[in-house]
Amino acid sequence: MTDISSLSGKRCALVTGGNKGLGFEICRKLAENEVTVILTARNEKNGMEAVEKLKLSGFSDVFFHQLDVKDSASITALANYVKSNFEKLDILVNNAGALGLVIANPEDFRLFKDGAGFFQVVDDNEHLLKGIFEEDYDFAEDCLRTNYYGAKEVTTKLLPLLQLSNSARIVNLTSAFGELKWIYNEKVKAELNNVESLTEEKIDEILEWFLKDFKENNLKANGWPLVLSAYKISKAAINAYTRLLARKYPDILINCVHPGYCQTDITSETGPLTPEEGARAPAMVALLPDDGPSGIYFSEMQPSTF
């Protein structure tokens, strides 16, 4: 059991997918701000090595616990660990993510995106991406299970511990690809944008509709994105869920943040920002003052529109 007496007065944060890239740098930035950090990762060896690296950098109050966001038993075990060892949670950063496809040819992808960056990955260029991206139903389903349903279940199981904090924060990592402009189905856009009438059930219905259309090759016919389709829909869903939660829990600051286009595994190490630079915005949102905003989408360091 962790000696919580030594952590008295310090805020406690938990970061999913914290063993590398953006997640690791978010852990580092929180630790730099005198926050106790629970770094989680699916792979125990990788997670332990990440914690050891932070400890060698001088951050003693960093702890590891295994977490697979797609495994309910793993999430429950994590919640029990936090409750037993830390009693409450102040900050949750839902960072773990999946791209929903395989970049089959990373070298061609690097050549393709050079010049205009990741935002050449649009439906107009779908024909140019054949052979570079491989998207199929299994990848799409895994993407939604990780980016949306996984983050939602982690949040739900940790909410009782967050409610014990007098300065709780939830930060959901999103993407500029989660903005509603990438969806052409006006009914879906309207439902995701109407936070007053939005429910979790409606979000579930939209995701089920998307997966059905994906399986039946009806994405174009029904106005879904064609490139990075599951990733875009998963991030639009997490943005909607963020707004929903913020309304439901006014005592917690709950926001989503696009960290910028970063050099990580998920982008084949392309992008103008290093993971360290990309971690600035999520860390800032995690450390918002008590009078800070809630239910907001931050595009890097600035509030933006959904």
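**Pockets, cavities and the central sheet**

The second largest pocket has a volume of about 350 Å³. Lining this pocket are 14 residues, of which Glu-126, Lys-130, Glu-135, Leu-219 and Leu-226 are the closest to its centre. Its lining comprises 6 nonpolar, 3 polar and 5 charged residues. The volumes and contacts reported here refer to a predicted model.

Enclosed space was also found. The structure contains 2 cavities of 30 Å³ or more. In the largest cavity there is about 50 Å³ of space, and the residues lining this cavity are Gly-178, Leu-180, Leu-192, Ala-236, Asn-239, Ala-240, Arg-243 and Phe-306. Helix H8, spanning residues 229-248, makes the greatest contribution to this lining, with 4 residues. Classified by residue type, the lining of the largest cavity consists of 5 nonpolar, 2 polar and 1 charged residues.

The second largest cavity holds about 40 Å³ of space. Asn-94, Ala-96, Thr-146, Asn-147, Ala-151, Asn-172, Leu-173, Lys-235 and Ile-238 form its lining. Two or more lining residues come from each of the elements H5, E7 and H8. The largest share belongs to H5, which provides 3 residues. By class, 4 nonpolar, 4 polar and 1 charged residues line the second largest cavity.

Two of the residues lining this cavity, Asn-94 and Asn-172, also stand opposite each other in the strand pairing, with Asn-172 located in E7. Strand E4 (residues 91-94) is parallel to E7, and 4 bridges connect the two. Strand E7 also pairs with strand E8 (residues 253-258), again in the parallel sense, through 5 bridges. Within this second pairing, Arg-169 has Leu-253 of E8 as its bridge partner.

Strand E7, covering residues 169-173, is mostly covered, with 5 of its 5 residues buried. The covering applies to both faces of the strand: Arg-169, Val-171 and Leu-173 are buried on one side, and Ile-170 and Asn-172 are buried on the other. Leu-173 and Asn-172 therefore combine burial, which is defined as under 20% relative accessible area, with a place in the lining of the second largest cavity.

The wider arrangement is an open sheet of 8 strands in the order E3-E2-E1-E4-E7-E8-E9-E10, with mixed pairing. Its edges are formed by strand E3 (62-66) and strand E10 (302-304), each of which pairs on one side only. On average, neighbouring strands of the sheet are turned by 25 degrees against each other, direction ignored. Elsewhere in the sheet, strand E1 (residues 11-15) runs parallel to strand E2 (residues 35-41), and 5 bridges join them. In this pairing, Arg-11 faces Val-35 of E2.

Two helices that pack on the sheet are described here. Helix H3 (residues 72-86) touches E1, E2 and E3, and its direction makes about 150 degrees with that of E3. Helix H5 touches E1, E4 and E7, and its direction makes about 180 degrees with that of E4. H5 is thus described both by its packing on the sheet and by its share in the lining of the second largest cavity.

Two individual residues illustrate the surroundings of the edge strand and of H5. His-65 lies in the edge strand E3. His-65 counts as buried because its relative accessibility is 18%, under the 20% limit that defines burial. Beyond its neighbours within four places in sequence, His-65 is in contact with Ile-38, Leu-39, Thr-40, Ala-41, Ala-77, Leu-78 and Tyr-81. Among these partners, Ile-38 falls within the residue range of E2, and Ala-77 falls within that of H3.

Glu-153 is placed in helix H5, which spans residues 137-162. Because its relative accessibility is 24%, Glu-153 counts as partly exposed. When residues up to four places away in sequence are not counted, Glu-153 touches Ser-72 and Ile-75. Glu-153 and Ser-74 lie 79 residues apart in sequence, and their C-alpha atoms are 11 Å apart in space. Ser-72 and Ile-75, the two residues touched by Glu-153, lie within the range of residues assigned to H3.

Definitions and conventions
Residues are numbered from 1 along each chain as its sequence is written. This is a predicted model: local features need pLDDT of at least 70, side-chain atom pairs count only at pLDDT 80 or more; totals for chains, interfaces and linings use all residues. Side-chain values use heavy atoms; hydrogens and water are left out. Buried means under 20% relative accessible area, exposed over 50%, partly exposed in between (1.4 Å probe, protein chains only). Contact means heavy atoms within 4.5 Å. Two strands pair if DSSP finds at least two bridges between them. Axes are lines fitted to C-alpha atoms, for helices over the stretch in contact, and angles run from 0 to 180 degrees between N-to-C directions. On a 1 Å grid over the protein atoms alone, a cavity is a set of points where a 1.4 Å probe fits but cannot get out, and a pocket is an open set with protein on both sides within 12 Å along at least five of seven lines; lining residues have an atom within 4 Å of a point. Grid points are joined across faces, edges and corners, and a volume is the space filled by probe spheres set on the points. Ala, Val, Leu, Ile, Met, Phe, Trp, Tyr, Cys and Pro count as nonpolar, Asp, Glu, Lys and Arg as charged, and the others, Gly among them, as polar.
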